[in-house]
Amino acid sequence: MNATFFLLPLAAVLMLMMPLVPIYKGVTTGRRAKHAVIFNLCAFFGVAALMVILPMGGFVTLAEGTAAAAAAEAGMTVGSGLAYLAAALVTGFSCVGAGIAVAAAAPAAIGAFSEDPKAFGKALIFVALGEGVALYGLLISILIINKL
């Protein structure tokens with residue numbers, strides 16, 4: 001056993017714990033962290049590193065009688081795995097897009113409603129259009145999964 005067998009997973013775990021740094025700074029100093037995105041990216045790359053390190057180190061194996069072995073015997077192919085991945089990405093990205101749309105439309109709708117109460121219906125339509133993007137993504141992912 002060499003040092004990399006221990007140090008690579010340790011580095012990945014440290015990267016996973018990086019988002020706690022701005023939280024600790026905010027608690028001790030009372031100010032919010034300006035660059036919290038960097039720490040969140042470190043956590044993402046920590047997860048990615050663990051996905052590469054754990055199978056190479058022999059920590060994760062495909063044993064007989066497991067669900068993954070049963071799926072491999074049942075004829076699960078790379079194409080079907082990519083279809084499930086595509087369905088997940090469609091749902092995830094559409095929800096992120098809907099969140100961005102609602103984040104832009106909702107404050108404007110509240111401002112318009114506070115100035116003119118008659119504008120409530122029009123403002124609500126713009127917020128609902130942003131939320132519709134997530135529903136369309138969910139519909140597409142259901143259609144992808146039904147094709148399998």
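## Close-up views of a predicted helical model

**View 1. Gly46 is found in helix α3, which covers residues 36–57.** The model shown is predicted. Gly46 is buried: its relative accessible area is 0%, and burial requires under 20%. Leave aside neighbours within four places in sequence, and Gly46 is in contact with Ala12, Met15 and Leu16. Met17 is also marked here. Gly46 and Met17 sit 29 residues apart in sequence, yet their C-alpha atoms are 8.7 Å apart in space.

**View 2. Leu16 belongs to helix α1, residues 3–16.** Is Leu16 buried, exposed or partly exposed? Leu16 counts as partly exposed, because its relative accessibility is 31% and the partly exposed class lies between 20% and 50%. Not counting residues up to four places away in sequence, Leu16 touches Ala43, Gly46, Val47 and Leu50. The contact with Gly46 is the one listed from the Gly46 side in View 1. Leu41 is a further marker. Leu16 and Leu41 are separated by 25 residues in sequence and by 9.3 Å in space, C-alpha to C-alpha.

**View 3. The whole protein has six helices and zero strands.** Read from the N terminus on, the elements run α-α-α-α-α-α. Of the 148 residues in the protein, 17% are buried. What share of the contacts between residues at least 6 apart in sequence joins residues at least 24 apart? The share is 69%. The remaining views take up α5 and α6.

**View 4. Helix α5 has 38 residues and agrees with its expected span.** At 1.5 Å a residue, α5 should span 56 Å. The end C-alpha atoms of α5 are 55 Å apart, so the two values agree. The buried residues of α5 are Ser80, Ala83, Ala87, Ser94, Ala98, Ala105 and Ala109. They pack against α6. Residues three or four places apart on an α-helix point the same way, because each turn takes 3.6 residues.

**View 5. Helix α6 covers residues 120–147 and has 28 residues.** From first C-alpha to last, α6 reaches 41 Å. That is close to the 40 Å expected at 1.5 Å a residue. Which residues of α6 are buried? They are Ala123, Val127, Gly130, Gly132, Ala134, Gly137 and Ser141. The buried residues of α6 pack against α5, residues 78–115.

**View 6. Helices α5 and α6 pack at an angle of about 175°.** Their axes are 8 Å apart. Helix α5 is therefore roughly antiparallel to α6, a class that takes angles over 145 degrees. How do the residues of the contact of α5 with α6 divide? They comprise 23 nonpolar, five polar and one charged.

**View 7. Ser94 has its place in helix α5.** Ser94 is buried, with a relative accessible area of 10%; the limit for that class is under 20%. Two backbone oxygens are shown with the side chain. The backbone oxygen of Val90 lies 3.0 Å from a polar atom of the Ser94 side chain. For the backbone oxygen of Thr91, the distance to a polar atom of the Ser94 side chain is 3.0 Å. With residues up to four places away in sequence not counted, Ser94 touches Val133, Ala134, Gly137 and Leu138. Among these partners, Ala134 and Gly137 are buried residues of α6.

**View 8. Ser141 lies in helix α6.** Ser141 is buried, with a relative accessible area of 5%. Which residues does Ser141 contact, leaving aside its neighbours within four places in sequence? The partners are Ala87, Val90 and Thr91. Ala87 is one of the buried residues of α5. Val90 and Thr91 recur from View 7, where the backbone oxygen of Val90 and that of Thr91 each face a polar side-chain atom of Ser94 at 3.0 Å.

**View 9. Val96 and Ile100 both lie in helix α5.** Val96 counts as partly exposed, at 48% relative accessibility. Ile100 is exposed: its relative accessible area is 58%, and the exposed class starts over 50%. Each residue is paired with a distant one in sequence. Val96 and Val133 are 37 residues apart in sequence and 9.4 Å apart in space, C-alpha to C-alpha. For Ile100 and Gly130, the separation is 30 residues in sequence and 8.2 Å between C-alpha atoms. Gly130 is among the buried residues of α6.

Methods
Residues are numbered from 1 along each chain as its sequence is written. This is a predicted model: local features need pLDDT of at least 70, side-chain atom pairs count only at pLDDT 80 or more; totals for chains, interfaces and linings use all residues. Side-chain values use heavy atoms; hydrogens and water are left out. Helices (H or I, at least four residues) and strands (E, at least two) are DSSP runs, numbered from the N terminus. The expected span of a helix is 1.5 Å times one less than its number of residues. Buried means under 20% relative accessible area, exposed over 50%, partly exposed in between (1.4 Å probe, protein chains only). Contact means heavy atoms within 4.5 Å. A polar contact is a pair of N or O atoms within 3.5 Å; within protein, one must be able to donate a hydrogen and the other to accept it, and residues adjacent in sequence count only if both atoms are side-chain atoms. Axes are lines fitted to C-alpha atoms, for helices over the stretch in contact, and angles run from 0 to 180 degrees between N-to-C directions. Angles under 35 degrees count as roughly parallel, over 145 as roughly antiparallel, 65 to 115 as roughly perpendicular and the rest as oblique. Ala, Val, Leu, Ile, Met, Phe, Trp, Tyr, Cys and Pro count as nonpolar, Asp, Glu, Lys and Arg as charged, and the others, Gly among them, as polar.
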